[in-house]
Amino acid sequence: MTLTMDKATTTGTRPRPFGLLRHSLALAGRSLTKTLRTPDQLIDVTLQPLMFLVIFVFLLGGAVSGSTGAYLQFLLPAMLVQVMMVAGMATGVNLNTDIDKGVFDRFRALPIGRSAPLVGSVLGDVIRYVVATASMLVFGTLLGFRVQTGFLSAVAACLLTMFFAFCVSWVFVLFGMIARSPGSVQGLSFLVIFPLTFGTSMIAPQGTMPGWLQVWLSVNPVEQVMDASRALMIGGPAGGPVLASLAWGIAILLVFAPLAVRAYRRRA
């Protein structure tokens, strides 16, 4: 057994696909356990979004939509997309922290696929998307938000949002591999999140914005996801925004996942 393990770790033999999947899921369980034992890591996807939801609804609701109830219906489906993207940012930060502490050096000594720790960390952080979605919908319901399309449409909106956030998380994984510190990862990530999420119709309708900003909205992929989320939750044409969201997510995944894996192999 020892000889077999040494051979697998020293000769660089490629692991079998199912072996890589099994190892990745095992390390995803490690990431999940780590998150559950340190629940304070979920503050950015639970308490903070709820605080911003209350601030936006009760400060801007009357001015933008005429009432807080109507504004809540307008805001929550789009804000859910922003919360998902913030949740994905933590993936890059956690990976950078683990590499800096030498955790991945220990993984290299194990008879597992070289990419398993990276894939496992990304998969394990999916729990953040689930927690963020559940907390937003439960709290929004308490404030008065109501899905107006149907249960299956609402589930589709949540799954689409999670899928897009998962794809974008590979951008943050790349930042985690090239940045020198967790703080640098956060700085780079916010440079991406702010124009993509606030440069949308999340807070105000597109028609109220200047022409140059409307041009940005027309090419912003996050705007497509927000439009799809609104259509699936409160009604409206959903086909075009959903297809555009899927296309953008797949394109981002195909570009940034290989770059992130390559950067990971260089550093880890």
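These legends accompany close-up views of a predicted model.

**View 1. The fold is built from 12 helices and 0 strands.** Read along the sequence, the pattern is α-α-α-α-α-α-α-α-α-α-α-α. The protein has 268 residues, and 46% of them count as buried. Its accessible surface comes to about 13200 Å². Carbon and sulfur atoms account for 69% of that surface. Among contacts between residues at least 6 apart in sequence, 79% join residues at least 24 apart.

**View 2. The largest nonpolar core holds 64 residues.** Four members touch the most other members: Leu-75, Met-79, Met-84 and Trp-170. Eight elements each supply at least two core residues: helix 3 (47-65), helix 4 (68-100), helix 6 (116-124), helix 7 (126-143), helix 8 (151-178), helix 9 (182-198), helix 11 (221-234) and helix 12 (239-267). Helix 4 gives the largest share, with 18 residues. In soluble globular proteins, nonpolar side chains tend to be buried together.

**View 3. Trp-170 is one of the core members with the most contacts to other members.** Neighbours within four places in sequence are left aside here. Trp-170 is then in contact with Leu-118 and Val-122. Its other partners are Leu-253, Phe-256, Ala-257, Ala-260 and Val-261. Leu-118 and Val-122 fall within the range of helix 6 (116-124). The other five partners fall within the range of helix 12 (239-267).

**View 4. Leu-123 sits in helix 6.** Its relative accessibility is 31%, so Leu-123 counts as partly exposed, above the 20% limit for buried residues. Beyond its neighbours within four places in sequence, Leu-123 is in contact with Leu-25, Ala-28 and Phe-166. Leu-27 is a distant residue in sequence terms: 96 residues separate it from Leu-123. In space, the two C-alpha atoms are 8.8 Å apart.

**View 5. Met-51, Phe-52, Ile-55 and Leu-59 make a nonpolar surface patch.** The patch covers about 390 Å². Met-51 belongs to helix 3. Its relative accessible area is 44%, so Met-51 is partly exposed. Helix 3 (47-65) also supplies at least two residues to the largest nonpolar core.

**View 6. Phe-190, Phe-194 and Phe-198 are linked into a cluster by ring pairs.** The whole structure contains 6 aromatic pairs. One of them joins Phe-194 and Phe-198. A pair of aromatic rings is described by the distance of the centres and the angle of the planes. For Phe-194 and Phe-198, the centres lie 5.5 Å apart and the planes make an angle of 35°. The pair counts as tilted because its angle is neither under 30 degrees nor over 60. Phe-194 and Phe-198 are 4 residues apart in helix 9, so about one helical turn separates them. Phe-194 has 45% relative accessibility and counts as partly exposed. Phe-198, at 36%, is partly exposed too.

**View 7. Pro-195 is found in helix 9.** Its relative accessibility of 38% makes Pro-195 partly exposed. Residues up to four places away in sequence are not counted among its contacts. Pro-195 touches Phe-190, Trp-216 and Asn-220. Phe-190 is also a member of the ring cluster. Pro-195 and Val-222 are 27 residues apart in sequence. Their C-alpha atoms are 9.8 Å apart in space.

**View 8. Gln-82 is a buried residue of helix 4.** Its relative accessibility is 11%, so Gln-82 falls under the 20% limit. With neighbours within four places in sequence left aside, its contacts are Thr-197, Phe-198, Met-202 and Met-226. Phe-198 is also one ring of the tilted aromatic pair.

**View 9. Ser-245 lies in helix 12 and is buried.** Its relative accessible area is 0%. Outside its neighbours within four places in sequence, Ser-245 is in contact with Leu-160 and Phe-164. Gln-224, Val-225 and Ala-228 are in contact with Ser-245 as well.

How values were computed:
Residues numbered from 1 in each chain as written. Predicted model: local features only at pLDDT ≥ 70, side-chain atom pairs only at ≥ 80, totals over all residues. Heavy atoms only, no water. Core = buried A, V, L, I, M, F, W, Y, C linked by side-chain atoms within 4.5 Å. Buried < 20%, exposed > 50% of the residue type's maximum accessible area, 1.4 Å probe, protein only. Contact = heavy atoms within 4.5 Å. Patch = residues over 30% accessible without salt bridge, like charges linked within 9 Å, V, L, I, M, F, W, Y side chains within 5 Å. Areas by Shrake-Rupley, 256 points an atom, 1.4 Å probe, with all protein chains shown as cover. Salt bridge = Lys/Arg side-chain N within 4 Å of Asp/Glu carboxyl O. Phe/Tyr/Trp six-rings, centres within 6.5 Å; stacked < 30°, edge-to-face > 60°.
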